[in-house]
There are 2 protein chains.
Amino acid sequence: MRQLVLDVLSKQKAAISLPELEDMFEKADKATLYRTLKTFEENKLIHHIDDGSGAVKYALCQESCECEPEDLHVHFYCTVCQKTFCLNDTPVPSINLPKDFSLEKVNMVVSGICASCQK
Amino acid sequence: MRQLVLDVLSKQKAAISLPELEDMFEKADKATLYRTLKTFEENKLIHHIDDGSGAVKYALCQESCECEPEDLHVHFYCTVCQKTFCLNDTPVPSINLPKDFSLEKVNMVVSGICASCQK
DNA sequence: AGTAACTTTGCAACCCGGTTGCACCGCGTA
DNA sequence: TACGCGGTGCAACCGGGTTGCAAAGTTACT
């Protein structure tokens, strides 16, 4: 059951949202998929990305992923195909915060047009 | 009417969400406030920030603000008081995108604990 | 003032993603 | 067999955002 979801996720090049997942599993229930994603996330198999599209998307974590403050990579949201990609090779640059601000995590989403839509 | 909203916005230190606005204007309608914010945004008076809290927040633009790709500053979301601040002095660092990816805009939200909640 | 054209507001309804409670199913174990 | 438990499906709900429509207000022109 969850196996199926994991299979799908591992075959995706782009991050996938819950509604999208619902569509490709016509049979399965929204709540089930929702809970599946949640447990995956708790177990650090996947991470979520808020790309501002209104739906949170999910993608597999890298092997090395600690899912801790510094595992962080930049995400790219294509405004044409509306897909979201992990730029695993692009770490989030460090930021100088004002005094007395402590850093927990960073969400960095770059929008633009991806290679496939560039033509 | 919109004057009131503008007044409130200019008095805020933190960005404000639509639902929050609704609360402080018990009298006014959600739709009105919503449309007000939209027109303000079209006229580049304010900009919106998606801090991942589930509600989009709005804050005044700086005088110099072009609201174009490079006006961009980092935003800070405090996980304690759940307020969002513009770090106007902290520009978004530039990113090297993979080949054939074009850049339109960048959303960068740093989460952590703000100075006031730090004690 | 009177009217026409346009803007702003309020109400209500709707959409959609996310979330939860509950009952049911299937399975392993005592 | 009886029990407990995890996974599933259904249904309902919540909350932010969005839109259509009609009423109220505004402006301009006569």
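For the residue classes used here, Ala, Val, Leu, Ile, Met, Phe, Trp, Tyr, Cys and Pro count as nonpolar, Asp, Glu, Lys and Arg as charged, and the others, Gly among them, as polar. On that scheme, the surface near DNA strand C splits into eight nonpolar, two polar and five charged residues. This is a predicted model, so to speak of local features a pLDDT of at least 70 is needed, side-chain atom pairs count only at pLDDT 80 or more, and totals for chains, interfaces and linings use all residues. Residues are numbered from 1 along each chain as its sequence is written, chains are lettered from A and ligands numbered from 1 in the order in which they are written, and side-chain values use heavy atoms, with hydrogens and water left out.

**How the two copies relate**

- Chain A lands on chain B with an RMSD of 0.1 Å after a rotation of 180° and 0.0 Å of shift along the axis; the fit is by least squares on the C-alpha atoms of residues with pLDDT of at least 70 in both.
- The two copies are thus related as by a two-fold rotation axis.
- In chain A, A:Met108 has the C-alpha nearest that axis, 2.2 Å from it.
- The copies meet through the same surface, because 100% of the interface residues of chain A are also interface residues in chain B.

**The sheet in chain A**

- Three strands make an open antiparallel sheet in the order S1-S3-S2; strands here are DSSP runs of E with at least two residues, helices are runs of H or I with at least four, and both are numbered from the N terminus.
- S1 (16-17) and S2 (46-49) of chain A sit at the edges with a single partner strand each, so one side of each has no neighbour in the sheet.
- S1(A) pairs with S3 (residues 57-60) of chain A over two bridges, pairing being called when DSSP finds at least two bridges between strands.
- A:Ile16 stands opposite A:Tyr58 in S3(A).
- Helix H1 (residues 2-11) of chain A packs on the sheet, touching S1, S2 and S3 of chain A, with its direction at about 85° to that of S3(A); contact means heavy atoms within 4.5 Å, and angles run from 0 to 180 degrees between N-to-C directions of lines fitted to C-alpha atoms, for helices over the stretch in contact.
- H3(A) also packs on the sheet, touching S2 and S3 of chain A, and its direction makes about 110° with that of S2(A).

**Around DNA strand C**

- Of 15 residues around the strand, A:Lys30, A:Tyr34, A:Val56, B:Met1 and B:Arg35 come nearest; a residue is near if one of its heavy atoms lies within 4 Å.
- H3(A) gives the most to this surface, with four residues.
- A side-chain N or O atom of A:Tyr34 is 2.7 Å from a phosphate oxygen of DNA strand C, while A:Val56 uses a backbone N or O atom, 2.8 Å from a phosphate oxygen.
- B:Arg35 places a polar side-chain atom 2.8 Å from a base oxygen of DNA strand C.

**Around DNA strand D**

- Among the 16 residues around this strand, the nearest are A:Met1, A:Arg35, B:Lys30, B:Tyr34 and B:Val56.
- The largest share of the surface near DNA strand D, four residues, comes from H3(B).
- Base oxygens of DNA strand D lie 2.8 Å from a polar side-chain atom of A:Arg35 and 2.7 Å from a side-chain N or O atom of B:Lys30.

Notes:
Polar contact = N/O pair within 3.5 Å; in protein donor to acceptor, adjacent residues only side chain to side chain.
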